[in-house]
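This report looks at pockets in a protein model and at one pair of packed helices. Please keep the sequence and the structure in view while reading.

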Amino acid sequence: MKLAVVADVHLHDLYGGYGWIEQGSGEIALRTVQDTMASTRVFNESHAAFHAVLEDIVRRKIRDVVLLGDYSDDGQPGAVAALKRILSAYETEHGLRFFATFGNHDCFGPEQRHQDKWMTKADGLAPRLVTSDPRSPAINAVVRDGMIGMSTPDAIADMARYGITRPEGVVHWETPFSDHGGVQQRGCEDHAADGLDASYLVEPQDGLWLLILDANVFYRLDGRWQVRSNAAWDHVLDRRPYLLDWIADVVERADRTGKTLLAFSHYPALPLAMTVERGLTVAACTPDWLKRMPSLQSSRALAESGMRWHFSGHMHVAGRVELDGLINIAVPSPVAYPGGYVVVTADSGDPACECVRLESAPGFDAAFPAYSAQLRSSGKAAVGTEALSVPDYQGFLQAHQKGLIASKYMPQDWPPELLKNLDTPLAQMLTDVPRLAQEFKDRPPAAGLCLGQVLEDYYFIRAGGSQTIGALPEDRIAFYRRLGSAVNAGDEACLPIERMAMLLAALL
């Protein structure tokens, strides 16, 4: 039994333009180079990347595909329609079947949400703000209904055929509430709009159960519905405690009837990096990441339900973590480094999970002429513009990631006193920590790396997982492990350089 898991496609409406351009006109609607290089995902490249993923799935003769949420740019009807046109073509031409759940970019609770994006056309000139809000104060804004983000009821109705209601040809299908569906059967608490739950269990292949969990929980703040995407599973278990009973029941039935059970949601069920401090397991994440991870209490509650294999998106990274028998496979996005998806083989025993990287995506550079024109027009160097000179999609994502590390991740995660030493060899910095200076008095060659290179390695490893680790020199990885062990051996409060070493070692 084989299955493909695709997360965070973030499909941009390249050819419909959210109503700004006419569909079928041949024109394209592009996000600006500045927005692209500043974002944790690329936009205009999403069409080419998604097609490349689906072509690889077809080549591998895989039929069933799970979409782990954030399948759309921001839940706009045009972006979802563009996605469905692609899905329909692969259903018709290649027999693929798709099973979807929602992410925080696909729907916005009981109400629609206004969106606005800076857009250009193929020439890259004269960017305009395209908005769904007629009250927008922006000068010369283009108001188009097609830019609005869907409500959750809208999304359930629009994506119903992709597992949200019972698909044709499956062996079994159910929800936490019933074995038949419609919006009115998909919630609790008198079916209040903010209580909708699009979770379902489906058996697309004889013996394979896919437990698709809707982990979007909404609350109202300052008159607007917000999704609890930070520590999402903490809020899911607080708001929907019945899910634990349902999961436990599904696990018991799967074990009793010999089914292979795999669980999926948009958000991580475990912190994506952990370490042991003073005998206790703790999350080992930078501050921005830490607030996005579930508490270990929630993770252990999911583990106690019997769930064993869980696949998550949201973070745009590849990796595997385990706690109390629960294994979380982080599925990368096609539109962020390392760029790819996961293939699961579940023929016997534990499933095998292969992270497939996109080395190429034909047509990914369609926006490059517009990017170049924007850069010439602005007269300013945009972060990551070296990405425009690369020959392939993997190189583009690597250059994009490198720009984000310098402009976004390092400044938000580390104090100025550490960042002022980016050009300082690590060996020199270790001399300021007496016990580490003693530990590394032999100064292995890798200790000559500058701090900036070490931090860059950390973010690339955090995103790319074992494949990135395998691509780095063995002596460098051995040094990082040794450094982390030396830091963990101490009991005193960590200096920033020690904390960096601990976080890096937790990934190895």
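The text below takes the two pockets in turn and then the helix pair.

This is a predicted model, in which local features need pLDDT of at least 70 and side-chain atom pairs count only at pLDDT 80 or more, while totals for chains, interfaces and linings use all residues. Residues are numbered from 1 along each chain as its sequence is written, and side-chain values use heavy atoms, leaving out hydrogens and water.

A pocket here is an open set of points on a 1 Å grid over the protein atoms alone, where a 1.4 Å probe fits and protein lies on both sides within 12 Å along at least five of seven lines; lining residues have an atom within 4 Å of a point. Its volume is the space filled by probe spheres set on the points, which are joined across faces, edges and corners. Nonpolar means Ala, Val, Leu, Ile, Met, Phe, Trp, Tyr, Cys and Pro, charged means Asp, Glu, Lys and Arg, and polar means the others, Gly among them.

| Pocket | Volume | Lining by class |
|---|---|---|
| Largest | about 590 Å³ | nine nonpolar, 11 polar, eight charged |
| Second largest | about 470 Å³ | 16 nonpolar, six polar, three charged |

The largest pocket has 28 lining residues, and Thr40, Arg292, His314, His316 and Lys408 lie nearest its centre. Helices (H or I, at least four residues) and strands (E, at least two) are DSSP runs, numbered from the N terminus. Helix 11 provides four residues, the largest share of this lining. Helix 8 (287–290) and helix 15 (451–471) are among the elements that each supply at least two. The largest pocket lies between domain 1 (2–357) and domain 2 (414–506), because both give residues to its lining. The domain bounds come from an automatic or database assignment.

The second largest pocket has a volume of about 470 Å³. Its lining counts 25 residues, with Ala318, Gly319, Arg320, Gly465 and Ser466 closest to the centre. Helix 15 gives the most to this lining, seven residues. Each of domain 1 and domain 2 adds at least three residues to the lining of the second largest pocket.

Helix 15 also packs against helix 17 (residues 496–506): their axes come within 10 Å and cross at roughly 35°. Axes are lines fitted to C-alpha atoms over the stretch in contact, and angles run from 0 to 180 degrees between N-to-C directions. In the contact (heavy atoms within 4.5 Å), helix 15 uses Leu451, Val454, Leu455, Tyr458 and Ile461, and helix 17 uses Ile497, Met500, Leu503 and Leu504. By class, this contact has nine nonpolar, no polar and no charged residues.
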